[in-house]
Number of protein chains: 2
Amino acid sequence: MAETGEGSRPGYSSAVELRGVGHGKREHAAASPPPPATDAAVLHSSVLDTIGEEITGDALPEGHVLTLEQIRERFGVSRTVARETMRILESMGLVRSRRRVGITVQPRASWNVYDPRVIWWRLSGPGRNAQLRSLTELRIAVEPLAAGAAARSASAAERERAVGIAATLRALGEAGDLDRFLEADIAFHTLLLQASGNEMFGALADVVAVVLQGRTQLGLMPHHPEPAALDLHEAVADAVAGGRPRDAETGMRELLAEVRHAMLPLWEPRTRKG
Amino acid sequence: MAETGEGSRPGYSSAVELRGVGHGKREHAAASPPPPATDAAVLHSSVLDTIGEEITGDALPEGHVLTLEQIRERFGVSRTVARETMRILESMGLVRSRRRVGITVQPRASWNVYDPRVIWWRLSGPGRNAQLRSLTELRIAVEPLAAGAAARSASAAERERAVGIAATLRALGEAGDLDRFLEADIAFHTLLLQASGNEMFGALADVVAVVLQGRTQLGLMPHHPEPAALDLHEAVADAVAGGRPRDAETGMRELLAEVRHAMLPLWEPRTRKG
DNA sequence: CCCAGCGATTGGTAACACCATTCTAGGGAG
DNA sequence: CTCCCTAGAATGGTGTTACCAATCGCTGGG
């Protein structure tokens with residue numbers, strides 16, 4: 001479960017940092033992985049991450065029962081910390097705490113799979129491919145409509161910025177600077193999702209960022225971004241700038257069709273157990 | 001903020017009950033609103049719901065600062081439960097708790113808007129229309145692809161059940177039995193989302209259920225379901241049963257186009273403040 | 001203007017009473 | 001003898017209280 005090759009610091013910190021990218025205020029970010037640490041307490045996060053990964057991975061299978069005493073002993077924390085951690089896990093649907101019986105691991109169907117931490121945990125464990133596939137399908141569903149909505153309701157600044165990023169993408173793509181290309185790519189998709197005016201779409205910005213990062217980490221990005229992809233980014237940006245929802249939507253659809261195509265080899269093995 | 005006309009018992013209980021509908025195991029359910037109460041402790045849920053609604057509504061605006069002492073005093077609970085409640089709220093991104101400063105209400109951008117409880121709270125407060133709109137747009141994005149995926153990978157039982165529910169829908173629709181129609185409608189969409197094989201899609205079943213319920217509650221459902229809608233349900237079911245993803249997808253798209261049309265009057269006023 | 005120290009407020013620990021739930025053991029009936 | 005029902009005990013979460021540690025905003029003094 002450790003072939004990720006990256007630190008495991010899910011949820012907020014990464015979310016914030018990634019959101020910063022697309023927001024246009026802070027120009028750097030997206031390149032600072034370890035520093036900010038977790039938001040609040042360090043004690044919870046540690047045991048939260050550990051148990052979260054164990055549940056979302058295949059250790060701690062559904063039905064497994066934990067007790068506060070075990071947690072307390074295993075992590076050397078107080079009962080209170082164990083309790084609060086379990087409460088969070090319970091609020092994510094990963095466990096269910098009942099009197100006299102303990103803390104039971106819940107079936108996957110009751111997980112909050114849109115919780116950034118759950119997504120992160122699943123991406124850093126086994127089932128990574130399945131998760132990447134699910135998320136990419138979600139992108140394919142949402143992003144075209146988001147692009148269309150952005151073409152309808154983006155602000156002038158956002159439209160301008162979309163065109164700018166598309167140009168940057170072309171420059172970086174042709175130069176072969178993959179790192180910065182990734183960064184700009186994330187910014188592009190984040191911008192469109194948030195400019196859509198639909199918060200449910202906007203909230204997926206983190207997800208898309210994580211997927212894009214995962215994709216490069218897995219070497220699924222072409223060594224040089226394909227010219228067609230660059231063209232499509234520009235086409236979408238132009239459509240958004242010009243207020244042509246239809247074009248933005250279909251452009252994004254084509255863009256994602258390529259993404260899907262590129263990722264196909266990853267999810268043929270029918271990874272999941274079910 | 002109390003014109004909902006329905007009890008406020010968000011999140012899990014309703015989620016479970018609704019999920020039961022689409023799952024096909026238990027035939028009843030979906031008709032038992034109050035009994036199961038909240039999952040675990042009753043003490044948390046009470047203050048959690050209250051503060052959650054206050055934040056997601058416009059009381060407690062962004063930047064507002066709470067302290068544990070206030071909570072403790074206001075609800076007459078111990079510091080511990082106040083802390084655990086705040087921890088949950090924090091894990092949903094609604095607040096951020098820092099030493100010496102207190103518990104600060106976070107901007108909407110950092111909320112976990114896919115958390116069932118957040119959705120529920122927002123649906124039962126002001127901004128209900130905006131939320132309904134966001135969720136409907138999400139449906140429009142996701143459900144067509146989910147239907148296509150279901151046509152590709154549903155089990156034999158699921159395909160059969162889809163056709164069955166579609167027939168039931170026609171019968172109930174022509175009979176004008178709106179309550180049961182709603183129930184079957186939820187079951188239909190839930191089934192397709194879960195049969196898609198994509199957990200991210202499947203997890204939206206609760207959302208769709210809530211939206212459908214909200215739609216009827218607001219009287220946006222035609223008194224008699226339109227024949228076209230019945231036809232489309234059957235067409236989608238047939239396409240799923242026959243393994244024709246393309247047809248399932250376009251059928252669902254048309255279906256949702258009608259839904260969108262029916263809801264348009266609701267979201268013209270540009271409800272949101274921003 | 002800067003710096004130090006105060007004090008407010010959360011973070012974390014510990015020990016307790018309580019109670020719902022489950023399991024088990026015992027006894028009674030068939 | 002077997003089965004079932006009940007009563008009680010063991011278990012483990014729920015809620016409360018008290019306490020100390022750590023942090024960090026603010027204020028006041030230099």
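Start by selecting DNA strand C and the protein around it: of the 21 residues near this strand, A:His44, A:Ser78, B:Leu68, B:Arg83 and B:Arg99 come nearest, where near asks for a heavy atom of the residue within 4 Å. Of the strand C atoms that come within 4 Å of the protein, 66% belong to sugar and phosphate.

Before going on, a word on the model: it is predicted, so that local features need pLDDT of at least 70 and side-chain atom pairs count only at pLDDT 80 or more, while totals for chains, interfaces and linings use all residues. Residues are numbered from 1 along each chain as its sequence is written, chains are lettered from A and ligands numbered from 1 in the order in which they are written, and side-chain values use heavy atoms, leaving out hydrogens and water.

**Stop 1: arginines at strand C**

Show the side chains of three arginines. B:Arg99 places a polar side-chain atom 2.6 Å from a sugar or linking oxygen of DNA strand C. For A:Arg99, a polar side-chain atom lies 3.0 Å from a sugar or linking oxygen of DNA strand C, and B:Arg100 also has a polar side-chain atom 3.0 Å from such an oxygen of this strand. A polar contact here is a pair of N or O atoms within 3.5 Å; within protein, one must be able to donate a hydrogen and the other to accept it, and residues adjacent in sequence count only if both atoms are side-chain atoms.

Now colour by secondary structure. The elements giving two or more residues to the surface near DNA strand C are α2 (42-56) and α4 (79-91) of chain A, along with α4 (79-91), β2 (95-98) and β3 (102-105) of chain B. These labels number DSSP runs from the N terminus, with helices (H or I) of at least four residues and strands (E) of at least two. The largest share, three residues, comes from α4(B). By class, this surface near DNA strand C has six nonpolar, six polar and nine charged residues; Ala, Val, Leu, Ile, Met, Phe, Trp, Tyr, Cys and Pro count as nonpolar, Asp, Glu, Lys and Arg as charged, and the others, Gly among them, as polar.

**Stop 2: the two copies**

Superpose chain B on chain A: a rotation of 180 degrees with 0.0 Å of shift along its axis does it, at an RMSD of 0.0 Å. The fit is by least squares on C-alpha atoms of residues with pLDDT of at least 70 in both copies. The two copies are thus related as by a two-fold rotation axis. They use the same surface, since 100% of the contact residues of chain B recur in chain A, contact meaning heavy atoms within 4.5 Å.

**Stop 3: DNA strand D**

Move to the other strand. DNA strand D is surrounded by 21 residues, the closest being A:Arg83, A:Arg100, B:His44, B:Ser78 and B:Val81. Sugar or phosphate makes up 67% of its atoms within 4 Å of the protein, and bases the rest.

Which atoms of A:Arg79 and B:Thr80 should you pick to find base contacts of DNA strand D? Choose N or O atoms of their side chains: that of A:Arg79 is 3.2 Å from a base nitrogen, and that of B:Thr80 is 3.4 Å from a base oxygen. At A:Leu68, a polar backbone atom is 3.1 Å from a phosphate oxygen of strand D. On the surface near this strand, α4(A) gives the most, with three residues.

**Stop 4: the sheet of chain B**

Select the strands of chain B. Three of them form an open antiparallel sheet in the order β1-β3-β2; strands pair if DSSP finds at least two bridges between them. β1 (65-66) and β2 of chain B stand at the edges with a single partner strand each, so one side of each has no neighbour in the sheet. β2(B) and β3(B) are joined by four antiparallel bridges, and B:Arg98 has B:Gly102 of β3(B) as its bridge partner. Packed on the sheet, α4(B) touches β2 and β3 of chain B, and its direction makes about 125 degrees with that of β2(B). Such angles, from 0 to 180 degrees, are taken between N-to-C directions of lines fitted to C-alpha atoms, for helices over the stretch in contact.

**Stop 5: the hairpin of chain A**

In chain A, β2(A) and β3(A) form a hairpin with three residues between them, and A:Arg100 in the turn has a positive phi of about 65 degrees. Along β3(A), A:Val105 is the bridge partner of A:Val95, while A:Thr104 is that of A:Val65.

**Last stop: two helices of chain A**

Finally, select α6 (residues 128-153) and α11 (residues 227-241) of chain A, whose axes come within 7 Å and cross at roughly 35 degrees. Their contact is made by A:Ala147, A:Ala150 and A:Ala151 of α6(A) with A:Val236, A:Ala239 and A:Val240 of α11(A). By class, the contact has six nonpolar, no polar and no charged residues.
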